[in-house]
Amino acid sequence: MELWLEQLKERFTDKFSYRKDILEKYAKDAWLFSHNPDGVFFPESKEDVIELMQFAYSKGVYVTARGGGRGYVGGAVPVKGGVVISFERMNRIKEIHPVDSVAVVEPGVITGVLQEKVKEMGLFYPPDPASIMECTVGGNVATNAGGPRCLKYGVTRNYVLGLEVILADGSVARVGGRTIKNKTGFDLTGLFVGSEGMLGLVTEITLRLISKPPFRAALSAYFEKMDQAILCINHVLSSGIMPSALEIADRFTLNCAREFTQEEIPPFDAHLLLEVDGSEAAVNADIDFFAKLVRSFSPRNLSKALGEEQCEKLWQTRRLFSASLKASGLTKLNEDVTVPRSRLADLISLGEHLQKEFNLTVACFGHAGDGNIHVNLMVDWTKVENRNKAEKALDLLFDSVLAWNGSITGEHGIGIAKLPWWGKALSRESRLVHEKIKRCLDPKGILNPGKFV
């Protein structure tokens with residue numbers, strides 16, 4: 001056993017472990033690859049993190065940060081061993097200030113718990129990843145997580161006002177602040193949001209809150225064919241009224257959901273879920289407007305939900321899509337590609353082409369309003385030939401998305417899963433800028449090693 005492991009155990013006692021079962025538990029996230037760390041650290045304060053990083057920097061020990069372990073790209077996998085630092089014990093909501101409209105939280109706070117707490121005070125924290133009751137705010141910051149409401153409200157970055165960050169050498173940087181307007185120096189807050197734990201460890205997050213919309217309404221529409229749904233979406237987005245969410249799902253996704261849940265799901269090939277929020281009078285007018293618009297595209301089934309309780313019933317099925325695909329028994333390669341809205345139909349068509357070309361099942365669902373569609377390759381991973389097909393299919397998927405001026409990741413990050421396409425996704429000059437920033441903030445390369453920088 002490495003001497004440094006014994007030294008850390010002596011320093012931190014019940015906050016540090018190298019038991020085999022603990023190492024295996026923290027060896028992976030929601031992706032399919034795992035690698036055991038040498039030890040796992042459970043800090044309870046920023047002082048713990050500072051001490052750990054000072055030690056790791058002096059010894060050259062690798063450190064990989066972990067939130068809720070719900071990432072889809074292996075971003076929290078310690079591919080070179082070292083220490084996994086899990087922030088699950090740093091889960092305090094330190095302050096919710098209604099007048100300033102801010103929340104100050106530790107990174108281990110569960111996103112859904114924060115949302116419920118601020119809602120009790122008439123406030124609203126919009127980012128809503130699908131794993132909202134499992135993922136952490138710190139993990140959301142690391143990947144700049146999104147969710148269905150991004151269409152109207154934006155992503156995690158739009159709500160991070162300030163951060164406390166422990167750098168690789170254990171020094172503390174406070175970036176940003178507590179105000180919406182802040183143009184003091186470079187946007188260092190934006191630099192750390194989405195940096196996937198490679199530039200520093202976030203120990204405190206100051207978040208912008210907004211007033212909770214007093215009312216919401218939703219439409220659920222099922223179409224005979226996907227092209228009808230896409231045409232409808234294009235007209236919704238050009239209507240002059242912006243929904244708060246606009247989701248789509250294809251035939252295979254719906255079939256899996258039918259098998260997975262007791263909810264009654266109509267037997268059609270495409271599903272559209274639209275939501276609006278605001279004052280009750282405005283929402284009632286908007287939902288009636290959208291209902292009329294959607295009807296003009298001949299949906300086979302259309303239902304309306306008014307108010308919080310009815311809307312949540314419609315969203316229950318949407319939130320089960322990912323779990324129901326996993327329950328199919330196939331390995332789900334969840335690719336969160338994003339394209340300009342004008343290419344939405346092309347992306348859905350590409351999913352159908354991949355299915356025919358490579359004889360793989362492809363399930364498409366996600367955030368149609370902002371072009372962020374989850375193209376899920378469903379693969380029998382026990383067969384080597386299927387793995388080879390999947391790799392070729394991903395090559396075609398990512399090459400096409402980039403040719404359309406899209407992005408290979410909208411909210412999951414690069415991690416390990418998208419490493420093979422990192423060189424295509426950005427120019428050489430842009431990648432060099434990433435490398436320079438990484439060397440400046442982490443000169444020994446100890447933070448989340450083995451990833452894209």
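Which residues does Leu-426 touch, not counting residues up to four places away in sequence? In this predicted model, Leu-426 touches Arg-431 and His-434. The surroundings of Leu-426 are taken up again below, after an account of the chain as a whole.

## Overall fold

The secondary structure of the chain comprises 16 helices and 18 strands. For a chain of 453 residues, a compact globule would be expected to have a radius of gyration near 22 Å, and the value of 22 Å found for the chain agrees with this. The C-alpha trace extends over about 70 × 60 × 45 Å along its principal axes. Of the 453 residues, 54% count as buried. The chain exposes about 19,600 Å², and carbon and sulfur atoms supply 50% of that area. Among contacts with a separation of 6 or more, 72% involve residues that are 24 or more positions apart.

The chain is divided into domain 1 (3-86), domain 2 (93-211) and domain 3 (215-404). The centres of domain 1 and domain 2, taken over C-alpha atoms, are separated by 23 Å. The contact draws on 12 residues from domain 1 and 13 residues from domain 2.

## Helix H3

Helix H3 covers residues 46-59. At 1.5 Å a residue, its 14 residues should span 20 Å, and the end C-alpha atoms are indeed 20 Å apart, so the two values agree. The buried residues of H3 are Asp-48, Val-49, Ile-50, Leu-52, Met-53, Phe-55 and Ala-56. An α-helix has 3.6 residues a turn, so residues three or four places apart point the same way. Just after H3, Gly-60 adopts a positive phi of about 75°.

## Strand pairings

Strand E13 (residues 245-249) is mostly covered, with 5 of its 5 residues buried. Both faces of E13 are covered: Ala-245, Glu-247 and Ala-249 are buried on one side, and Leu-246 and Ile-248 are buried on the other. E13 has antiparallel pairings with strand E14 (residues 270-278) and with strand E17 (residues 361-367). In the pairing with E14, Leu-246 stands opposite Leu-274; in the pairing with E17, Ala-249 stands opposite Phe-365.

Strands E8 (residues 160-166) and E9 (residues 172-176) also run antiparallel. They form a hairpin with 5 residues between them, and Gly-170 in the turn has a positive phi of about 90°. Across this pair, Glu-164 stands opposite Arg-174 in E9.

The bridges of these pairings are listed here.

| Strand pair | Sense | Bridges |
|---|---|---|
| E8 and E9 | antiparallel | 5 bridges |
| E13 and E14 | antiparallel | 5 bridges |
| E13 and E17 | antiparallel | 2 bridges |

## Positive phi outside glycine

Ser-101 has a phi near 55°, a positive value in a residue other than glycine. Ser-101 belongs to the loop between strand E5 (93-97) and strand E6 (102-105). With a relative accessible area of 22%, Ser-101 is partly exposed.

Glu-196, likewise not a glycine, has a positive phi of about 55°. Glu-196 is found in the loop between helix H7 (188-192) and strand E10 (201-208). Is Glu-196 buried or exposed? Its relative accessible area is 10%, and because buried means under 20%, Glu-196 is buried.

## Two loop residues and their surroundings

Glu-134 lies in the loop between strand E7 (123-124) and helix H5 (137-143). At 45% relative accessibility, Glu-134 counts as partly exposed. Apart from residues up to four places away in sequence, Glu-134 touches Gly-68, Arg-70 and Ile-110. Glu-134 and Gly-112 are 22 residues apart in sequence, and their C-alpha atoms are 7.8 Å apart in space.

Leu-426, with which this report opened, is placed in the loop between helix H15 (419-425) and helix H16 (428-441). Leu-426 has a relative accessible area of 28% and is partly exposed. The C-alpha atoms of Leu-426 and Leu-402 are separated by 9.6 Å, and the two residues are 24 residues apart along the chain.

Technical notes
Residues are numbered from 1 along each chain as its sequence is written. This is a predicted model: local features need pLDDT of at least 70, side-chain atom pairs count only at pLDDT 80 or more; totals for chains, interfaces and linings use all residues. Side-chain values use heavy atoms; hydrogens and water are left out. Helices (H or I, at least four residues) and strands (E, at least two) are DSSP runs, numbered from the N terminus. The expected span of a helix is 1.5 Å times one less than its number of residues. Buried means under 20% relative accessible area, exposed over 50%, partly exposed in between (1.4 Å probe, protein chains only). Two strands pair if DSSP finds at least two bridges between them. The radius of gyration is taken over C-alpha atoms; the globule rule is 2.2 Å times the number of residues to the power 0.38. Contact means heavy atoms within 4.5 Å. Accessible areas come from the Shrake-Rupley method with a 1.4 Å probe; for residues, only the protein chains shown count as cover. Domain bounds come from an automatic or database domain assignment.
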